[in-house]
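Thanks for coming, everyone. I'll walk you through one model today, starting with its pocket and then moving to a few spots on the surface.

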Amino acid sequence: MKRSLFGRLWPNVTAVVLFIGFVFPVYWMFATAFKPTGDIISETPVWFPTDVTFEHFKTATEVDHFWTYVTNSLTVTVLAVLFSLIVALAGSFALARMRFKGRRGFIVGFMLAQMAPWEVMIIAMYMIVRDTSMLNSLVPLTLFYMMMILPFTILTLRGFVAAVPKELEESAMVDGCTRAQAFRRVILPLLAPGLMSTSLFGFITAWNEFALVLVLNKDAEAQTLPLWLSRFQTQFGDDWGATMAASSLFAVPILILFVFLQRKAVSGLTAGAVKG
């Protein structure tokens with residue numbers, strides 16, 4: 001009986017410990033954003049904000065070019081995700097449904113591209129952008145972010161496409177649909193969970209990227225929010241209150257998107273099962 005009880009208890013205890021370990025830094029970030037400066041620099045940790053203040057959020061949003069950073073981040077992130085999904089839909093369908101010479105090589109290449117750290121190419125990226133006179137532009141950022149997202153998106157969607165029975169597509173074509181119409185009307189609705197998960201991954205990857213924009217875009221008018229997070233330094237040191245407030249604001253879109261796409265992914269999976 002004791003062994004049985006221990007066998008049921010230890011996985012739950014481990015899960016709770018891991019949950020606290022992952023969630024506590026997020027809580028501390030949000031809590032610090034609302035603490036007065038005195039509580040933040042106090043030698044005794046203040047676990048819960050007593051005197052809530054919004055001064056740090058005001059400091060964070062009053063940085064020069066703040067709304068430019070927001071606009072640039074949303075522009076390059078959304079466009080990179082959309083472009084990668086468009087290309088990945090065609091690529092994943094070709095890899096999953098069609099048989100052609102070199103197909104396995106393509107798949108291995110995508111896997112290698114996914115595993116290789118893109119930072120090793122940052123010098124080559126800089127030289128390409130410099131030689132084409134496109135420094136301090138959002139266009140190369142969008143294209144590079146799309147290339148960073150694309151291998152994972154294609155490999156993930158390929159699995160979803162392969163899981164859809166060919167008979168559904170063939171039935172639609174027998175009923176008069178072309179291959180493109182069968183893909184749009186039959187396969188695409190069933191790919192909703194894959195589209196949601198890959199969109200979330202792509203958004204997080206592009207939204208958090210720091211090094212590339214730091215190298216390519218020195219002009220503040222062409223920079224994004226990750227660089228905004230590095231601006232809260234004073235002659236007295238780091239402004240931790242403003243840094244935590246900025247980090248909280250930076251994380252909110254990801255949290256909202258995650259909640260939204262999680263719900264949509266479940267509803268898309270259910271709709272696809274019914275249509276199938």
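Let's begin with the largest pocket, which has a volume of about 400 Å³. A word on terms: on a 1 Å grid over the protein atoms alone, a pocket is an open set of points where a 1.4 Å probe fits, with protein on both sides within 12 Å along at least five of seven lines, and lining residues have an atom within 4 Å of a point. The volume is the space filled by probe spheres set on those points, with grid points joined across faces, edges and corners.

Before I go on, keep in mind that this is a predicted model, where local features need pLDDT of at least 70 and side-chain atom pairs count only at pLDDT 80 or more, while totals for chains, interfaces and linings use all residues. Residues are numbered from 1 along each chain as its sequence is written, and side-chain values use heavy atoms, with hydrogens and water left out.

Back to the pocket. There are 17 residues in its lining, and Ala113, Trp118, Met121, Met147 and Met148 lie nearest the centre. Which helices supply at least two residues each to that lining? They are H5 (103–115), H6 (122–131), H7 (138–163) and H10 (192–208). Helices here are DSSP runs of H or I, at least four residues long, numbered from the N terminus. The biggest giver is H7, with five residues.

And the chemistry of the lining of the largest pocket? We get 15 nonpolar residues, two polar and no charged. In that split, Ala, Val, Leu, Ile, Met, Phe, Trp, Tyr, Cys and Pro are nonpolar, Asp, Glu, Lys and Arg are charged, and the others, Gly among them, are polar.

Now for charges. Side chains of opposite charge can pair when their charged atoms come close. The rule for a salt bridge is a side-chain nitrogen of Lys or Arg within 4 Å of a carboxyl oxygen of Asp or Glu, and by that rule the count is one. The partners are Arg130 and Asp131, at 3.2 Å from N to O. Are they buried or exposed? Arg130 is partly exposed at 40% relative accessible area, and Asp131 is exposed at 54%. The cut-offs are under 20% for buried, over 50% for exposed and partly exposed in between, with a 1.4 Å probe and protein chains only.

Next, the loop between H6 and H7. Ser133 sits in that loop and has a positive phi, near 55°, without being a glycine. Asn136 is in the loop between H6 and H7 too, and its phi is also positive, at about 60°, again in a non-glycine residue. Ser133 is exposed at 68% relative accessibility, while Asn136 is partly exposed at 36%.

Over to helix H1, residues 2–33, which holds Val16. Val16 is partly exposed at 47% and belongs to a nonpolar surface patch with Leu18, Phe19, Ile20, Phe22, Val23, Phe24, Trp47 and Phe48, about 990 Å² of accessible area together. Patch members have over 30% relative accessible area and no salt bridge, and nonpolar side chains (Val, Leu, Ile, Met, Phe, Trp, Tyr) are joined within 5 Å, like charges within 9 Å. Areas come from the Shrake-Rupley method with a 1.4 Å probe, and for residues only the protein chains shown count as cover.

Last stop, helix H13. Met244 is in H13 and is buried, at 17%. Its C-alpha is 8.5 Å from that of Ala31, although the two are 213 residues apart along the chain. Val252 is in H13 as well, residues 240–275, and is partly exposed at 31%. The C-alpha atoms of Val252 and Leu212 are 23 Å apart, with their positions 40 residues apart along the chain.
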